Amino acid sequence: ESEKAAFDTKVKATVSTGDRKAQNLNAANNLTNTRADNAEAEIELEKLLYSGTTVAVNSELSRNRSGNSNSLYSNRIGIDLTHPLLRNSGKEINLISLKQAELDYNYTKHELKAFILDFIASVEKKYWEHYLSVRQLEIVNESAALAIQQRQETNSRILAGSIPESERAAAEAEVAKCEEDLINAQSNMVNTAISLLRTVNHNTENFWKNLPNLTDKPFLKKIDQMDLEAHLALAEQQRPELLQAKVLIAKNELDIVTSKNGLLPKLDFFVSLGNTGYSRSFNNSNPKFNNNEKPDFEVGFDYELTRNRRSARAKLERSKITADMKKEALKNLEQVIKEDVIKAYIEVQRTMQQVAATAATTQKQQEKLRVEEIKFSVGKTTSFQVSQAQRDLTEAKIAEVKAAIAYTGAITELMRADGTSLLKANKIELK
């Protein structure tokens, strides 16, 4: 809107009055006092056309009076036209500022898209961090319950005399370790909840007072259609950083056009046409356009050329160098974005395999604990071995949850890296 305003019609108005006293020599060579006063009012409409032509229509009314003479009124209506023939001539050069403003507008749209992508990824990351802390707390609670159960069983068997008193220490130590882990897990859960609530900013005054209700679970299924080439092609078309870089290159190309035009000398053609009416009264001073009265006119050329044009040449050279630099930077940025997409794709593959591996490990640790508990019940193992199996199972369960969350986060990163899938997944559309 600011650049469009340059082509809006301007209205200029001037009103003035003056009074002047002086002395003149008369025919008898004597000094006489004279007095002259005048009043003027002028209004003009001016408009700059896309071609560079400036058109102005004006009307000027004046009243002049000197000595003892009556007032003389004059009224002139005219039109002035100035058209550049070399520098600043044509729509291509005169619309550059408007085109650059449109490019700036598109740049900020891409900037907004980049911010939203990063913001969505940040919120999802905070969500899964809190989800992990909640699941860790649940797993640690389960482990603590098992440790307490194991301690009770150990105490019962000590009282029965089937195992020695020394087994009590291992059972008590495991309960104490679980209580310590439980305290840390509770604190971590509260911290991640606060971070998530602050990020979504649902209540600026009291955002920390309510725990979030988690409804989404990690994505555990294998993606059926995940084509690396498709993600690379999508990133090349939709990644905001690339689109911003291309906007800057387009702006720089317009700078080159402007710089080349600045090398041209100024050669403007101008014409001024008008007609003036004179009268002793205001009502009769209107100019009459008829065959008896010819309008006044002025036609000519205005030429200007700076010697050597060093500033214009330097500006053109600087624009060309900047254009080359930005084109090279664009090539490098394209490689960086491809690297981001490829790494995100590889991470999805890795974490997908990790989900299966950790699930298998959890099953094996579950079976190991069952075997140790059976062996302990018949006196074939110690309380320490059972406690160790319980720890291994707890770590395996936490590792399984971490793998699932890492897989979900890797999918999110891949969708962010291609520049548009993350928006679609969250049903967000930028217009």
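Here is a walk through this structure, from its helices and cores to its salt bridges, strands and loops.

First, some ground rules: this is a predicted model, where local features need pLDDT of at least 70, side-chain atom pairs count only at pLDDT 80 or more, and totals for chains, interfaces and linings use all residues. Residues are numbered from 1 along each chain as its sequence is written, and side-chain values use heavy atoms, with hydrogens and water left out.

Let's start with helix α5, residues 240-262. Helices here are DSSP runs of H or I with at least four residues, strands are runs of E with at least two, and both are numbered from the N terminus. How far apart should the ends of α5 be? The expected span of a helix is 1.5 Å times one less than its number of residues, so the 23 residues of α5 should cover 33 Å, and the C-alpha atoms at its ends are indeed 33 Å apart.

Now look at what α5 hides. A residue is called buried when its relative accessible area is under 20%, exposed when it is over 50%, and partly exposed in between (1.4 Å probe, protein chains only). The buried residues of α5 include Leu242, Leu243, Val247, Ile249, Leu254 and Ile256. Polar residues can be found in the buried set too, among them Gln244, Asn252 and Asn261. The cover over these buried residues includes α1 (91-94), α2 (96-160), α4 (228-238) and α6 (310-377).

That brings us to the inside. In soluble globular proteins, nonpolar side chains tend to be buried together. A nonpolar core is a set of buried Ala, Val, Leu, Ile, Met, Phe, Trp, Tyr and Cys residues joined through side-chain atoms within 4.5 Å. The largest one here has 27 residues, and the members that touch the most others are Val341, Val348, Tyr407, Leu414 and Leu422. Helices α2, α4, α5, α6, α7 (383-417) and α8 (421-425) each bring at least two residues to this core, with α6 giving the most, eight residues. Try zooming in on Val341: leaving aside neighbours within four places in sequence, Val341 is in contact with Leu228, His231, Leu232, Ala235, Leu414 and Ala417. Contact means heavy atoms within 4.5 Å. There is also a second, separate core of nine residues, including Tyr127, Trp128, Tyr131 and Leu132.

Charged side chains make links as well. How many salt bridges does a search of the whole structure find? It finds 22, a salt bridge being a side-chain nitrogen of Lys or Arg within 4 Å of a carboxyl oxygen of Asp or Glu. Take Asp104 and Lys251, whose closest N and O atoms are 2.8 Å apart. This pair ties helix α2 to helix α5 across 147 residues of chain. Both ends are partly exposed, Asp104 at 34% and Lys251 at 21%.

Another salt bridge joins Arg239 and Asp340, at 3.3 Å from N to O. Arg239 sits in the loop between α4 and α5, while Asp340 is in helix α6, 101 residues away. Is Arg239 buried or exposed? With 3% relative accessibility, Arg239 counts as buried, whereas Asp340 is partly exposed at 27%. A third pair, Lys368 and Asp392, meets at 3.1 Å and connects helix α6 with helix α7. Elsewhere, Asp118, Glu413 and Arg416 are linked in a network of salt bridges.

Next, the strands. Gly274 is part of strand β5 (residues 266-279), and its relative accessibility of 3% is why it counts as buried. Not counting residues up to four places away in sequence, Gly274 touches Arg76, Ile77, Gly78, Pro295 and Asp296. The C-alpha atoms of Gly274 and Asn58 are 9.1 Å apart, although 216 residues separate the two along the chain. Over in strand β4 (residues 72-84) you'll find Ile79, which is partly exposed at 37%.

Finally, check two loops. Asn88, in the loop between β4 and α1, has a positive phi of about 65° although it is not a glycine. Arg309, in the loop between β6 and α6, also has a positive phi, near 50°, and is a residue other than glycine. Asn88 is partly exposed at 39% relative accessible area, and Arg309 is partly exposed at 26%.
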